[in-house]
Amino acid sequence: MQVTVKLFATLRTNRFKVKVLDYSSGTTILDVARDLDIPKEELALTLVNGISVEVDHEIRDGDTLSLFPPVGGG
Amino acid sequence: MLTNDQIIRYSRHILLPEMGGKGQEKLLSSKVLLIGAGGLGSPVALYLAAAGVGTLGIVDGDHVDLSNLQRQVIHATPDIGRLKVDSARETIAQINPDVRVVTYPEYITATNIGGILSEYDLVVDGCDNFATRYLVSDAAVIYKKPYVYGSILRLDGQAAVFNPPQGPCYRCIFPEAPPPGAVPSCQEAGVLGVLPGLLGVIQATEALKMLLGIGEPLIGRLLLVDALYMEFTEAKVARNKNCPVCGENPTITELRDENYRQETCNTELDETEEEK
């Protein structure tokens, strides 16, 4: 199945901004992060189709996944 | 009642059907607490003062540093070395003498936050570290004050309004602070000077809307700003019934300083080191 993965801020470093990737059904957000070599602690916010979900959420064909690192400055 | 000068000063507000004279009077009798007079705090304080928010409380124990001036626009070069709250108070007095500024030249803690926060209608977050942000958020839930959230790093920022039971609180979305060292500070990673301006003005807008009770605030929506591509993403965020603060069976019902020390901001540590 095809999933659009959008990376934000520092998660883009040595990776990409947006890419369509192939995954098998049953893949979770955490699996995608592992595949992209993103440590779990660098995932502060994970969206599927614009809705905030947990990292164990299973993604579906056609989903858009957006991954954000923590932001804490001011 | 507005004076003749106030009718002129706020005429562009009064012309707005959403505001009118009544709305302006409401702002003049409103009390907003601002945590931090730094990057985010500067534009928030400047615009809320110009808008005629009657009382602005500003909490910050820090002093103005040369490296602040690239973004902390409420302070100027002659202010280097002064308390940020003193410098901010002076700037605000020049912009709008209608505003009463209450300064707290200290850092916010679990011990002092209750007494300070209970005096205000709403709190705006301009702090620079996770420990303080969790403290302010938890206190806002416990003391039932709307919390206008903002944070920035490098070229990215976030903003939202947290006011449970209407929408989630900060902890519903971000249950725990990231482990120490996992997130670089602004001092380590940098921040584009205009970025806090962008996010701070969004926070000020949301604060005014909340005080006036107009429009649709950023409740249940987290705004994510990517300045490099100038993309605004809106995330739908929901309440977590297991949230330790605003959930069905809260475990955080009182504030203790030891619960907000697990991680500290590198920036704050570094600045403390510098001051020594």
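**Helix packing and salt bridges in chain B**

Colleague: Hi! Which residues of H4(B) and H5(B) meet?

Modeller: On the H4(B) side they are B:Ala45, B:Leu46, B:Ala49 and B:Ala50, and they meet B:Thr91, B:Ile92 and B:Ile95 of H5(B). Sorted by class, that contact has six nonpolar residues, one polar residue and no charged ones. Keep in mind that this is a predicted model.

Colleague: Thanks. At what angle do helix H4 and helix H5 of chain B pack?

Modeller: At about 30°, with the axes 9 Å apart. For orientation, H4 covers residues 41-51 and H5 covers residues 84-95.

Colleague: And how are H4(B) and H5(B) placed relative to each other?

Modeller: Angles under 35 degrees count as roughly parallel, so H4(B) and H5(B) are roughly parallel to each other. Their crossing is right-handed.

Colleague: Let's try another neighbour. At what angle do H4(B) and helix H10 of chain B cross?

Modeller: H10 takes in residues 195-212 of chain B, and its axis crosses that of H4(B) at roughly 40°, coming within 8 Å. That angle makes H4(B) oblique to H10(B). This crossing is right-handed.

Colleague: Which residues make the contact there?

Modeller: From H4(B) you have B:Pro43, B:Val44, B:Tyr47, B:Leu48 and B:Ala51. H10(B) brings B:Pro196, B:Gly197, B:Gly200, B:Val201, B:Gln203, B:Ala204, B:Ala207 and B:Leu208. By class, the contact of H4(B) with H10(B) has 10 nonpolar, three polar and no charged residues.

Colleague: I'm curious about the tyrosine. Is B:Tyr47 buried or exposed?

Modeller: B:Tyr47 counts as exposed, because its relative accessibility is 51% and the exposed class starts over 50%. B:Tyr47 sits in helix H4 of chain B.

Colleague: What does B:Tyr47 touch, not counting residues up to four places away in sequence?

Modeller: B:Tyr47 touches B:Val201 and B:Ala204. Its C-alpha atom is also separated by 9.7 Å from that of B:Leu208, and those two residues are 161 residues apart along the chain.

Colleague: Changing topic: how many salt bridges are there over all chains?

Modeller: The count comes to 12. One of them is B:Asp226 with A:Arg12, where the closest N and O atoms are 2.7 Å apart.

Colleague: Where do B:Asp226 and A:Arg12 lie?

Modeller: That pair crosses between chains. B:Asp226 is in strand S7 of chain B (residues 221-226), while A:Arg12 is in the loop between strand S1 (2-7) and strand S2 (18-22) of chain A.

Colleague: Are B:Asp226 and A:Arg12 buried or exposed?

Modeller: Both of them are buried.

Colleague: Back to H5. What do the side chains of B:Arg89 and B:Asp86 meet in?

Modeller: A salt bridge, at 3.5 Å from N to O. B:Arg89 and B:Asp86 both belong to helix H5 of chain B and are three residues apart, which is about one turn of the helix. B:Arg89 is partly exposed at 35% relative accessible area, and B:Asp86 is partly exposed at 27%.

Colleague: Which residues do salt bridges that share partners join into one network?

Modeller: B:Asp79, B:Arg82 and B:Glu90. Within that network, B:Arg82 pairs with B:Glu90, their closest N and O atoms being 2.8 Å apart.

Colleague: And how exposed are B:Arg82 and B:Glu90?

Modeller: B:Arg82 is partly exposed, with a relative accessible area of 25%. B:Glu90 also counts as partly exposed, at 46% relative accessibility.

Conventions: Residues are numbered from 1 along each chain as its sequence is written. Chains are lettered from A and ligands numbered from 1 in the order in which they are written. This is a predicted model: local features need pLDDT of at least 70, side-chain atom pairs count only at pLDDT 80 or more; totals for chains, interfaces and linings use all residues. Side-chain values use heavy atoms; hydrogens and water are left out. Axes are lines fitted to C-alpha atoms, for helices over the stretch in contact, and angles run from 0 to 180 degrees between N-to-C directions. Helices (H or I, at least four residues) and strands (E, at least two) are DSSP runs, numbered from the N terminus. Angles under 35 degrees count as roughly parallel, over 145 as roughly antiparallel, 65 to 115 as roughly perpendicular and the rest as oblique. A crossing is left-handed if the near helix is turned anticlockwise from the far one by less than a right angle, and right-handed if clockwise. Contact means heavy atoms within 4.5 Å. Ala, Val, Leu, Ile, Met, Phe, Trp, Tyr, Cys and Pro count as nonpolar, Asp, Glu, Lys and Arg as charged, and the others, Gly among them, as polar. A salt bridge is a side-chain nitrogen of Lys or Arg within 4 Å of a carboxyl oxygen of Asp or Glu. Buried means under 20% relative accessible area, exposed over 50%, partly exposed in between (1.4 Å probe, protein chains only).
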